[in-house]
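Here are a few notes on the pocket and the core, for when you have the model open. Shout if anything looks odd.

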Amino acid sequence: HAVDSKVGEVLLYYCYCEVKDPQKLCAWQKALCQHLHLTGKIRVASEGINGTVGGSTAATKLYVEVMLSQPLFKDVLCQEDFKSSAGGAHCFPDLRVGVFKEIVPMGIDPATVSYKETGIHLSPQEFHREVEQYLSQASQGESDTILLDCRNFYESKIGRFQGCLAPDIRKFSYFPSYVDENLEIFKDKRVLMYCTGGIRCERGSAYLRSKAACREVYQLKGGIHKYLEEFPDGFYRGKLFVFDDRYAICSNADIVSACRYCGTLWDQYKLCSSQHCRQLVLTCPGCRNKGLTACCPVCQEKELTVMSRASGQALKEECECTKRRPRVPVEQLSHRALDAGKD
C-alpha cells in the first residue's frame, strides 16, 4: 500500500490568510491527514495555518494538491510554498493539529504586530547576492548591514550563514525582547533576516519594523530550505535544524559545531539522557561510550540520583544549561558578528 510506505518526504509550509472558522479548518486538516496517513504538527489560527507533515511521496503529493484546491488557500498558497525533504511518517511520533492564537509563537498579539507589516521578501538568488556583498564589505570593515538569524541558539549552533548575528535565545517568543534590549545594534542598519522556512521572519521582520530603528528590513523568502535547494554549497554552512525526529538535514559536508565534552567536530543532536530534561546535546560517539550522554554535569549527576530513587517523581527541568543562559542576552556592541564572517 503506497500510502504507508517508509520511503517518503516531510513537507513544511505556512500560509497567512484570514481564517473565519479556525475550529472547522482544524477538524478538516485532522481528517485529511488521517486519511492520507500523515503524521506531523499543524497550527491553525485566525491568521492562517503553519504545518509540517510526513508521509509517503504519494500521500504528500495528494496533500499538496488538496491544499492548493481548497478555496481558503486558492489565491494565497502555491506549489512553491511547500518545502520538501526526504523523510516520511516515521519522522514524527504522531499527528497533532490544534487551534492557537498565532501560527508561529512569538508571544505578541497578531492584532498588535501583523504579518501584513512584513519586510521585503528576497528570492534565494537575491539573498545570495546580498550576502555576498555584505561579506565583502564586512571584511573591509564598512558594512551597514546586519545578517540576522532569527532562530534559536541550538538551531544556529549546527548551521548558519557566514558572518551572521545569531541571538543566544531558547525560544522565538524571546525574540521581541532580544530586539528591544539590542535596539542600538539595529539603529540605521539594513537588516537581512532568515529562518528555517520563512515563517518566523514574517512576524519577526514586522516586529523589527514596528520599532522604527532599522533603515530597511529584508527577509529570505522560503527560508534556508529554499536557499539550500538553489545553493547547496553557498554561504550557509553546516546542517539545517528541523523540528522532527531527524533533528537536521544536510546539504554540505561542513561541520560547524563541536562535541560538548571533548571539543571534536560534531553536529548530531541527541536528547539529554536525563529523563526530566528536554535539552538537546552534542556528544560524539567516543564521549557517549564513556557514558557522557547528558547535556551538563548537573543532569549527569541527577540521572544517577533519579535511577537510585523511587521512580514516578516528577523533576523540574533544572540544569546548568538552563541556569547559565540569560533569558534575553544583550549583545556587546562590537565587531563580533563581522569577525565571524572571516572563519
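1. For the classes below, Ala, Val, Leu, Ile, Met, Phe, Trp, Tyr, Cys and Pro count as nonpolar, Asp, Glu, Lys and Arg as charged, and the others, Gly among them, as polar. On that scheme, the lining of the second largest pocket has seven nonpolar, seven polar and eight charged residues.

2. Housekeeping: this is a predicted model, with local features needing pLDDT of at least 70 and side-chain atom pairs pLDDT 80 or more, while totals for chains, interfaces and linings use all residues. Residues are numbered from 1 along each chain, and side-chain values use heavy atoms, leaving out hydrogens and water.

3. A pocket here is an open set of points on a 1 Å grid over the protein atoms alone, where a 1.4 Å probe fits, with protein on both sides within 12 Å along at least five of seven lines; lining residues have an atom within 4 Å of a point. The second largest pocket is lined by 22 residues, and Tyr14, Asp81, His121, Lys221 and Gly222 lie nearest its centre. Domain 1 (8–99) and domain 2 (120–250) both contribute to the lining, so this pocket lies between them; the bounds come from an automatic or database domain assignment.

4. Now the largest nonpolar core (buried Ala, Val, Leu, Ile, Met, Phe, Trp, Tyr and Cys residues joined through side-chain atoms within 4.5 Å, buried being under 20% relative accessible area with a 1.4 Å probe, protein chains only). This core has 32 residues, with Tyr16, Leu148 and Phe175 among those with the most contacts inside it. Both domains give residues to this core too, so it lies between them.

Technical notes: Buried means under 20% relative accessible area, exposed over 50%, partly exposed in between (1.4 Å probe, protein chains only).
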